[in-house]
Amino acid sequence: MSGEFAMYTAPVLIAGEWRQAAESGRFQPTNPSTKETIARLYPVSNWHDCEAVLAAAADAAATLRAIPAETRARFLDTFADAIEASADELSLLAHEETGLPLNPRLRDVELPRTTGQLRAAANAARDGSWAQATIDTALNIRSMRGPIGPVVIFGPNNFPLAFNGLAGGDFAAAIAAGNPVIAKAHTSHPGTCHKLASLARQALEQVGLPAATVQMLYAISREDGYRLMGDKRLGAGAFTGSRTAGIALKQVADSVGTPFYAELSSINPVVMLPGALRERGPELAEEFAGSCLMGSGQFCTNPGLVIVPAGDDGERFIARCGELFDGSQPGTLLSAGTQMGLQRAIVELREAGAALVTRVTSADDTRTCVPNTLLCVSGTGFLQAPEAFQTEAFGNAALVVVSENTEQTAAILQQLEGNLTGCIYSSTTDVDEEAYNALAPILREKVGRLLNDKMPTGVAVSPAMNHGGPFPASGHPGFTAVGIPASLTRFGKLDCYDNVRSHRLPPLLQDHNPLNAWRSVDGNWTQGPVQ
């Protein structure tokens with residue numbers, strides 16, 4: 001595997017062709033499990049390549065509008081089949097480039113999730129109900145969500161398959177909604193991206209979609225990234241990654257009116273109410289530590305902040321969590337950049353006044369890792385510098401805030417930024433009801449997904465899931481990155497037809513409803529034809 005691109009840079013995928021990039025530089029990925037450089041070279045594309053993918057995507061978008069949804073669905077199904085046929089190779093590539101466990105994480109969990117999302121998106125494309133067709137027969141006005149145009153996707157490093165710009169949830173939703181995708185691969189796993197792009201290209205040829213429906217560049221300069229995001233040929237952008245990069249891209253997109261859907265930052269607060277700790281404190285410590293350290297804490301829903309009540313039960317909870325952190329081997333982090341970012345965040349939290357709970361201060365220097373780190377601050381201390389104590393420590397670290405009472409916990413929650421998730425643990429009896437009723441409405445306004453008695457780390461691929469939240473957790477609180485068909489609506493614009501002749505209407509708006517989709521006809525949801 002290591003010599004395929006040893007002597008030249010890997011080609012980029014533009015308009016259905018593998019071609020040598022117009023380079024402004026080169027890079028090599030690193031295996032974080034060994035810190036060894038992987039012997040493949042990849043190009044940093046200059047604006048010439050960006051211009052080429054934009055032009056090709058604009059042409060593809062125009063063609064895709066006239067292609068039946070069934071063809072897009074067959075592509076997504078065919079692509080899912082191809083990924084499964086290459087499951088072992090893809091999983092090994094992703095393992096080498098990210099250090100994530102081969103089994104069960106990549107091969108048995110993330111890869112099936114990836115293909116499941118693609119097939120769910122295919123079903124949504126076939127069904128058409130996601131487009132929310134609405135018909136007013138008296139005025140002969142009809143509307144639905146139609147394709148928004150080329151979508152550029154900046155994929156993250158922590159999910160090399162399920163959130164990859166070439167196969168993940170954003171990709172599946174954008175294609176299902178009828179849009180071509182320009183994928184900016186992640187430099188931490190370019191080989192994985194190359195393989196996915198190859199499989200996607202083959203699937204496009206097999207079903208007959210435009211060659212530029214899926215294109216890929218490995219890397220571009222920051223300036224070209226901003227210029228790309230600001231190009232008016234784009235319909236939308238999708239991003240998962242750091243707050244700094246995401247906000248910079250969002251500002252560019254906002255300046256030209258391009259919708260930008262992003263996951264940016266989240267510490268996912270967990271509140272432990274007194275009755276819960278009295279009832280099952282040791283078990284909750286195990287649950288919290290397990291969630292924090294799962295996957296080395298490299299999940300956007302990782303619980304990075306827990307609020308516990310002052311007193312003996314709270315102290316025992318903190319002590320036990322510290323023991324569990326110290327007693328667990330630190331996992332491998334995704335990259336040297338992830339390692340440096342986590343180390344920097346821990347320093348910032350300590351400089352703000354957080355004290356170390358954990359005692360182990362060194363880790364294996366033969367791989368990218370950081371000691372499992374648990375810190376603690378009083379509720380009063382948190383309220384004196386709430387912004388500093390909300391620094392996201394992406395990785396195997398967490399902050400405990402010790403609250404004096406329900407009123408102080410409420411004050412702490414009121415200072416929180418927007419988050420993807422928030423959780424409250426309470427007694428199985430009614431002893432925590434008054435506190436819960438006081439705190440839950442505050443937390444509800446701060447998060448996209450509110451949990452009870454359950455850690456937030458897992459993000460189920462469910463139609464009811466919201467993987468989003470108030471800014472800065474995401475770029476827009478009204479949309480989700482996970483959950484089909486809801487995630488498709490991000491990449492559809494509202495098209496209205498006023499007194500347009502029936503044969504000129506899109507199939508979803510025609511009287512006979514050829515897709516048998518759910519439509520709102522004169523205020524009633526029906527799958528039947530217009531009477």
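**Exercise 1. Find the residues that Ala355 touches, leaving aside its neighbours within four places in sequence, and describe its setting.**

Solution. Start with the contacts, where contact means heavy atoms within 4.5 Å: leaving aside neighbours within four places in sequence, Ala355 is in contact with Leu374, Leu375 and Cys376. The model is a predicted one, in which local features need pLDDT of at least 70 and side-chain atom pairs count only at pLDDT 80 or more, while totals for chains, interfaces and linings use all residues. Residues are numbered from 1 along each chain as its sequence is written, and side-chain values use heavy atoms, with hydrogens and water left out.

Next, place the residue: Ala355 is found in strand 16 (residues 355-356), where helices (H or I, at least four residues) and strands (E, at least two) are DSSP runs, numbered from the N terminus. Then look at a distance, and note that the C-alpha atoms of Ala355 and Val377 are separated by 6.5 Å, although these residues are 22 apart along the chain. Finally, consider accessibility, for which buried means under 20% relative accessible area, exposed over 50%, and partly exposed in between (1.4 Å probe, protein chains only). Ala355 has a relative accessibility of 41%, so it counts as partly exposed.

**Exercise 2. Work out the strand order of the sheet that holds strand 16, and say which strands form its edges.**

Solution. Two strands pair if DSSP finds at least two bridges between them. On this basis, 7 strands form an open sheet with mixed pairing, in the order 16-17-18-15-14-19-20. The edges are strand 16 and strand 20 (447-452), each of which pairs on one side only.

Now follow some of the pairings. Strand 17 (residues 373-378) runs parallel to strand 18 and is joined to it by 6 bridges, with Val377 having Val401 as its bridge partner in strand 18. Between these two strands the chain passes through helix 12 (residues 379-384), and this β-α-β crossover is right-handed, a term that applies if, with the strands pointing away from the viewer, the path from the first strand over the helix to the second runs clockwise. Strand 15 (residues 305-309) also pairs with strand 18 in the parallel sense, over 5 bridges, and here Ile307 stands opposite Val401. Strand 14 (residues 269-272) in turn pairs with strand 15 in the parallel sense over 3 bridges, with Val270 opposite Val306.

**Exercise 3. Decide why strand 18 is largely enclosed by the rest of the structure.**

Solution. First count the buried residues: in strand 18 (residues 397-403), 7 of the 7 residues are buried, so the strand is largely enclosed by the rest of the structure. Then separate the two faces, because a strand has two sides to examine. One side carries Ala397, Leu399, Val401 and Ser403 and the other carries Ala398, Val400 and Val402, and all of these are buried.

**Exercise 4. Trace the sheet that contains strand 7 and strand 8.**

Solution. Begin with the order: 5 strands form an open sheet in the order 21-8-7-22-23, with mixed pairing. Strand 21 (492-498) and strand 23 (524-526) are the edge strands, each pairing on one side only.

Then take the pairings in turn. Strand 7 (residues 134-136) and strand 8 (residues 141-147) run antiparallel and are joined by 3 bridges. Thr134 has Ser143 as its bridge partner in strand 8, whereas Asp136 has Ile141. These strands form a hairpin with 4 residues between them, and in the turn Asn140 has a positive phi of about 55°. On to strand 21, which runs antiparallel to strand 8 and is joined to it by 7 bridges, with Arg145 standing opposite Leu494.

**Exercise 5. Is Asn179 buried or exposed, and which residues does it contact?**

Solution. Locate the residue first: Asn179 lies in the loop between helix 5 (169-176) and strand 10. With a relative accessible area of 1%, Asn179 is buried. Leaving aside neighbours within four places in sequence, its contacts are Leu64, Pro147, Ile148, Gly149, Val151, Ala174 and Phe491. For Ile148 there is a further detail, as its backbone nitrogen lies 2.8 Å from a polar atom of the Asn179 side chain.

How values were computed. A polar contact is a pair of N or O atoms within 3.5 Å; within protein, one must be able to donate a hydrogen and the other to accept it, and residues adjacent in sequence count only if both atoms are side-chain atoms.
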